[in-house]
Amino acid sequence: MWLEDTTGDLIIQSWKADEATIREAQQVGSVPGHSTDIPEHETVIRLPANMLQFIPRPEGKDNDGGHSGT
């Protein structure tokens, strides 16, 4: 995963979530009034808990290891 410097977008490469995870996410829902359908141009990924330490943070913020991305 990495932080796109120009846009500030967080880019994540990970496994696609399985159908059970997608159904669970749809049951939980999201922002009120927002559809839980996943558009054709989007996907759901499963980010393993041990990867959270690598989430890029703005400079000067502690990110448990000082990584700027992978």
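Of the 70 residues in the chain of this predicted model, buried residues (under 20% relative accessible area, with a 1.4 Å probe and protein chains only; exposed is over 50%, partly exposed in between) make up 11%. About 5,900 Å² is exposed by the chain, and 51% of that area comes from carbon and sulfur atoms. Accessible areas follow the Shrake-Rupley method with a 1.4 Å probe, and for residues only the protein chains shown count as cover.

The chain contains one helix and four strands, in the order β-β-β-α-β along the sequence. These elements are DSSP runs, with helices (H or I) of at least four residues and strands (E) of at least two, numbered from the N terminus.

Helix α1 (residues 19-28) is home to T21, which counts as buried at 15% relative accessibility. The T21 side chain makes a polar contact with the side chain of R46 at 2.2 Å; such a contact is a pair of N or O atoms within 3.5 Å, where one must be able to donate a hydrogen and the other to accept it, and residues adjacent in sequence count only if both atoms are side-chain atoms.

Turning to confidence, the mean pLDDT (the predictor's confidence in each residue, from 0 to 100) of the chain is 77, and 80% of its residues reach 70 or more. Residues 65-70 have pLDDT below 50, and this stretch has 10 contacts (heavy atoms within 4.5 Å) beyond near neighbours in sequence.

Residues are numbered from 1 along each chain as its sequence is written. Local features need pLDDT of at least 70 and side-chain atom pairs 80 or more, while totals for chains, interfaces and linings use all residues, and side-chain values use heavy atoms, leaving out hydrogens and water.
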